[in-house]
Amino acid sequence: MVAAAAREIHDGELVFVGMRLPMIAFALAKRTHAPRATGLFENGIIRDEPASTLLYTMGDPANLFKATFCGDMISVMSLLQQGRVNVGFLGAAEVDRFGNLNTTWGRRNGQTVRLPGSGGACDIACLAQRTVVILAHDPQRLVGRVGHITSPGNGNGGRWRRAQGLPAHSGPSAIITTMGVLRFGEDGEAYLASIHPGIRVEEVLSQTGWALRVSDKLTVTPGPSEGELAAIREIDPSHFWTKT
Amino acid sequence: MTSAAPSKLVSMQQAIAEHLPSGSSVLMGAELEQMIPFSAGHEIIRQGRRDLTLVGPISDILFDQMIGAGCVSRVMAAWVGNASAGVGYCFRRAVEQAIPRAIETVDYTNFTLAMALHAAALGVPFLPTYAALGSDVVKSNPNLREFASPVNEDRLIAVRALHPDVAIVPVQRADAYGNSHLWGNLGVAIDGARASRKVIVVAEEIVSPEVIASDPNRTIIPGFFVAAVVHEPWGAHPSPVQGYYGRDHAFFTEYHEQSRKQEDFERWLENWVLKIPTRAGYLKQLSETRIADLKVREHAFTAPADFGF
């Protein structure tokens, strides 16, 4: 999952890193195929080098130490609005078939629960050239339609984003789950593009909350190489963010 | 600053008593996950303030604690929870079950909240942005309104200027007049201070005006914005202060466990806030070993910059 996320980062890109797994993915990409990628953090940090120790939040002292830039939130988040940010990573409680995210109102055992909210996720989903969503594959979380669009994906499909006034070159690019990678068709709907090693397509379909389309060119996600695994262990030695 | 100017140094107790009445809107957590004014929030709880509006992009568990203590009627934020451990249970209880009281939530995104403060800092009624277009955040927040651009064909969101009554801004060092040095990520601290009617600065160290003037690029708040300066070492614990102390990750995890149920939270509140009247007492309870663990292990001073002429 982390290795697949890291591969979404291309060398030389500006990346909105976010927290948790994407932090590991960014550090991994920097150590492997994308040494010239630059990490952006919405609290006002820009880093050419990932932090040297595991981060619990983007404001941890290790993330400020030896940063390239420390300034205010607007000076970093405005890069999104300028269209300069290539890729942004997001987590979510729920994602739907059009890549819309909900992190505001969840459902648990039939009851509505209040979740923390957008943070910078909505801004990134609106304005980054590519948005990559990372979450555990669970039918409660990959749902047909989210009840609340905290962070817009492709709305209800088609040209929805343009109709809302969102930038032309922006929007969801991939959903990376514990079972596979979903990508988006021209119509804005997600389809299964690859399955992780050892996972069967039927399992993915049964764990998805809508009738997920499967690519004609379905592939198996390349598993983490030994080098990637070693790097992940080095970045997260206590497995705080990478459980398996 | 002339030496004749009056010092603004007061205790935390005095600062809150004088400048933060019930019903105020208060900006906290302007520097996001670092430098959260926990000691100020705890004093607000102890002084029994009610009907506050909390403003901040995220305030980690400080907002959760103040909501759980019943001080809050409204939250204007982008994210409320526990940054390293997950949800904020007090926030959930208040929104879902009105425990200990009902609260209104006005949801922002980080960028739109920053823009709201920036608009106020610029002295304009709103600023335009493409962020949040198409989201339900806009539908639920009356301070975010879609409009047609007057200069091209675009649709944009007008973010209404936000003027908190009080901003509480932790800084590494300030002089007695409120001129403040802050380093590290700045979040919305500069705009937040300028947007607010009053500013309370909480400083790890009090220095002379000469120290401030030796490095004016590091000054984020000129003293004339500032109503009160509080000297409160370790005032941001368990959040970190660059160059002073690290983040007490375990404290956030412990709080998460100990706030899961309302009665447990009440015990936590009694133990860490209500029964301890000062920050000195809080630090004593925290224990010397825990404090020693959080101290800076390896200092990293910046290269000197020459202001000579």
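**Close-up views of a predicted two-chain model**

**View 1. Strand β4(B) and its two parallel neighbours.** In this predicted model, G56(B) has A77(B) of β4(B) as its bridge partner. Strand β3 of chain B, residues 52–58, pairs with β4(B) in the parallel sense, and six bridges are formed. Between these strands the chain passes through helix α3 of chain B (residues 60–68), and the resulting β-α-β crossover is right-handed. On the β5(B) side, the bridge partner of A77(B) is D107(B). The pairing of β4(B) with β5(B) is likewise parallel and extends over four bridges. A77(B) is thus a bridge partner of both G56(B) and D107(B). The connection from β4(B) to β5(B) runs through helix α4 of chain B (residues 89–97), again as a right-handed β-α-β crossover. Strand β4(B) itself, residues 72–79, is mostly covered, with six of its eight residues buried.

**View 2. The loop between α4 and β5 of chain B.** Two backbone features are shown in this loop, one at A98(B) and one at P100(B). A98(B) is not a glycine, yet its phi is positive, at about 55°. Is A98(B) buried or exposed? With 10 other C-beta atoms within 10 Å, A98(B) is exposed, because a residue with 12 or fewer such neighbours falls in that class. The peptide bond joining I99(B) and P100(B) is cis, with omega about 0°. Most residues other than glycine have a negative phi, and most peptide bonds are trans.

**View 3. L32(B) in the loop between β2 and α2 of chain B.** The loop that holds L32(B) lies between β2 (25–27) and α2 (38–46) of chain B. L32(B), a residue other than glycine, has a positive phi near 60°. Its C-beta atom has 33 others within 10 Å, and L32(B) is therefore buried, the cut-off being 20 or more.

**View 4. The cis peptide bond before P238(B).** The bond shown runs from H237(B) to P238(B) and is cis, with omega near 10°. P238(B) belongs to the loop between β13 (226–231) and α9 (249–258) of chain B.

**View 5. The two domains of chain B and their contact.** The domain assignment divides chain B into domain 1 (9–109 + 163–294) and domain 2 (116–160). The distance between the C-alpha centres of domain 1 of chain B and domain 2 of chain B is 28 Å. Ten residues of domain 1 of chain B and ten residues of domain 2 of chain B take part in the contact. On the domain 1 side, β5 (104–107) and α7 (189–195) of chain B each supply at least two residues. Which element gives the most to the side of domain 1 of chain B that touches domain 2 of chain B? That element is α7(B), with four residues. By class, this side of domain 1 of chain B has four nonpolar, three polar and three charged residues.

**View 6. Strands β6(B) and β8(B).** Strand β6 of chain B (residues 126–129) has side chains that alternate between two faces. L127(B) and T129(B) point to one face and are buried, while F126(B) and P128(B) point to the other and are not buried. Strand β8 of chain B, residues 155–160, runs antiparallel to β6(B), and the two are joined by four bridges. Within this pairing, T129(B) stands opposite I157(B).

**View 7. The contact between chain A and chain B.** Chain A contributes 43 residues to the contact and chain B contributes 48 residues. On the chain A side, two or more residues come from each of α3 (61–64), α4 (73–81), β9 (111–114), α5 (121–127) and α6 (160–164) of chain A. This side of chain A comprises 20 nonpolar, 17 polar and six charged residues.

**View 8. The open sheet of chain A.** Ten strands of chain A form an open sheet with mixed pairing, in the order β4-β3-β2-β1-β5-β10-β12-β13-β14-β15. Strands β4 (69–70) and β15 (213–220) of chain A stand at the edges; each has a single partner strand, so one side of each lacks a neighbour in the sheet. At the β4(A) edge, strand β3 of chain A (residues 45–47) pairs with β4(A) in the antiparallel sense over two bridges. I46(A) has F69(A) of β4(A) as its bridge partner.

Notes:
Residues numbered from 1 in each chain as written. Chains lettered and ligands numbered in written order. Predicted model: local features only at pLDDT ≥ 70, side-chain atom pairs only at ≥ 80, totals over all residues. Domains from an automatic or database assignment. Contact = placed C-beta atoms within 7 Å. Nonpolar A, V, L, I, M, F, W, Y, C, P; charged D, E, K, R; others polar. Pairing = 2+ DSSP bridges. Right-handed = clockwise from strand over helix to strand, strands pointing away.
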